[in-house]
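Me: Hi! I'm new to this one and would like a friendly walk through it. Could you put it up so we can look together?

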Amino acid sequence: MNLPEPLAAVGSHPLESAIVGIFAVVYLGMFLGGLPKLRLDRTGVALLGAIALIGLGAVSTEEAAASVHLPTLLLLFAFMVVSAQMRLGGFYTAVTRRVAALPLSERGLLGALIAIAGGLSAVFSNDIICLAMTPVVAHICIEKRLDPIPFLVGLACAANIGSAATLIGNPQNMLIGSVLNISFGGYLSRALPPVALSLLALWLWLVFFPRQRSAPPPATPQGDFLRGAVNPENEPKFDAWQTAKGLLVAGSLLVIFLFTDLPRDVAALVGAGILLLSRRFHSSEVMGFIDWELLVLFIGLFVVNHAFQQTGLASVAVAWLGEHGIRLGDSGPLFVVGVTLSNLVSNVPATMLLLPHLSGERAGITLALVSTLAGNLLLVGSIANLIVCDLARKEGITIDWRQHAVIGLPVTLMTLAIVWFWLV
């Protein structure tokens, strides 16, 4: 098939060619995780792409500022503050340890940890939950002589799945909810059932699928076996008052989101401001837990995507696909494209690419669920997966891509099938 005329004409205008070239390089960086021979990660590539566009005059500084979707950034920042409050209050560690102390079988413990990780990720972000829970879960496996792979990969998968339940569980859902103005309660009612079924499917696969067991690292004598991140001196001590304060703000925000029409970003910012008024935690401590790189990644991609949209090439390409029966608004193509792009360039950049061409609550819900669940397919498909593997390695537990794929691949297929049958 011949390309549409506007696409075939790329290169006829030098500035347009430069925009397309920068866009291509930025998304190559999203695919590779950086650029060859340069010490740049995805955030650095996105930022430099935005700088290059502004420097070339393709985008003015005013245009660049206007292209950034501020409500999404504010909502993301505010919930980073809420999550920081919970982490500094020792909440995540305390919950994980208390679950481990229950008189549960190995299967029961695995189910409880999946439920906790999934539930907390729906409110406090999957990456934060993995950062806080991984060292503790690794220590539990070492102490109880349990095979650590299903527990740790299960933790990453559960955090990804659970975060899909709400419009605040992960960055891409926040973006979709803000841009398409999706009702918080409406999304929750549609997403919660398939997410709950997906968490159950994850547990069933981990429990009943036979696999080669891997032994945990040998426990060393009491006093020095708690290494690195699980050393009690490195963990925030549980603070009941600070935890209650954080839970009260988070619970109040959920009520506001569910039962009022107040802008979610404004309500979340007020909640974050209340938490920053603290006599216990210095604001610099809280700010130390903010993922500034993620915020910069968003800003850079907003500018790059805006410049590319201005060329009109993306709209032409989408229209051309529609003429040939491939409509992104339809569930089938959106499933395929969402899963593919999410594993090629990561789910946040994939969502930002697709979102301008979608409309309506149904398409938004589909993209939110698909882009999030697709993160379990490959080890590099989600930052949460990489966080778990990195922290597990520090505890002497190696999780390679094969071990992850044995769980991640079938779980992704099962969970996407659940979403397909539930929504379609």
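Me: How many cavities of 30 Å³ or more are there?

Reply: The count comes to one cavity of 30 Å³ or more. A cavity here is a set of points, on a 1 Å grid over the protein atoms alone, where a 1.4 Å probe fits but cannot get out. This is a predicted model, where local features need pLDDT of at least 70 and side-chain atom pairs pLDDT 80 or more, while totals for chains, interfaces and linings use all residues. Residues are numbered from 1 along each chain as its sequence is written, and side-chain values use heavy atoms, leaving out hydrogens and water.

Me: Which residues line the largest cavity?

Reply: Its lining consists of Leu 110, Leu 113, Ile 114, Met 133, Val 137, Phe 151, Gly 154 and Leu 155. Helices H7 (106–124), H8 (126–144) and H9 (148–163) each supply at least two residues of that lining. Helices are DSSP runs (H or I, at least four residues), numbered from the N terminus. The space inside is about 40 Å³.

Me: OK, switching to pockets. What's the volume of the largest pocket?

Reply: About 680 Å³. A pocket is an open set of grid points with protein on both sides within 12 Å along at least five of seven lines, and lining residues have an atom within 4 Å of a point. The largest pocket is lined by 35 residues, and Asp 127, Asp 291, Leu 294, Leu 297 and Ile 383 lie nearest its centre.

Me: Which helix gives the most to that lining?

Reply: H5 does, with five residues.

Me: And what about helix H17, which residues are buried there?

Reply: Ser 331, Pro 333, Leu 334, Phe 335, Gly 338, Val 339, Ser 342, Asn 343 and Val 345 are buried in H17, meaning under 20% relative accessible area with a 1.4 Å probe, protein chains only. They pack against helices H2 (14–32), H3 (42–56), H18 (347–354), H19 (361–373) and H21 (401–423).

Me: What comes right after H17?

Reply: Ser 346 follows, with a positive phi near 85°.

Me: One more: is Asn 173 buried or exposed?

Reply: Asn 173 counts as buried because its relative accessibility is 0%. Asn 173 sits in helix H10 (residues 171–180).

Me: What does the side chain of Asn 173 make a polar contact with?

Reply: The partner is the side chain of Thr 372, at 3.5 Å. A polar contact is a pair of N or O atoms within 3.5 Å; within protein, one must be able to donate a hydrogen and the other to accept it, and residues adjacent in sequence count only if both atoms are side-chain atoms.

Technical notes: Buried means under 20% relative accessible area, exposed over 50%, partly exposed in between (1.4 Å probe, protein chains only). Contact means heavy atoms within 4.5 Å. Grid points are joined across faces, edges and corners, and a volume is the space filled by probe spheres set on the points.
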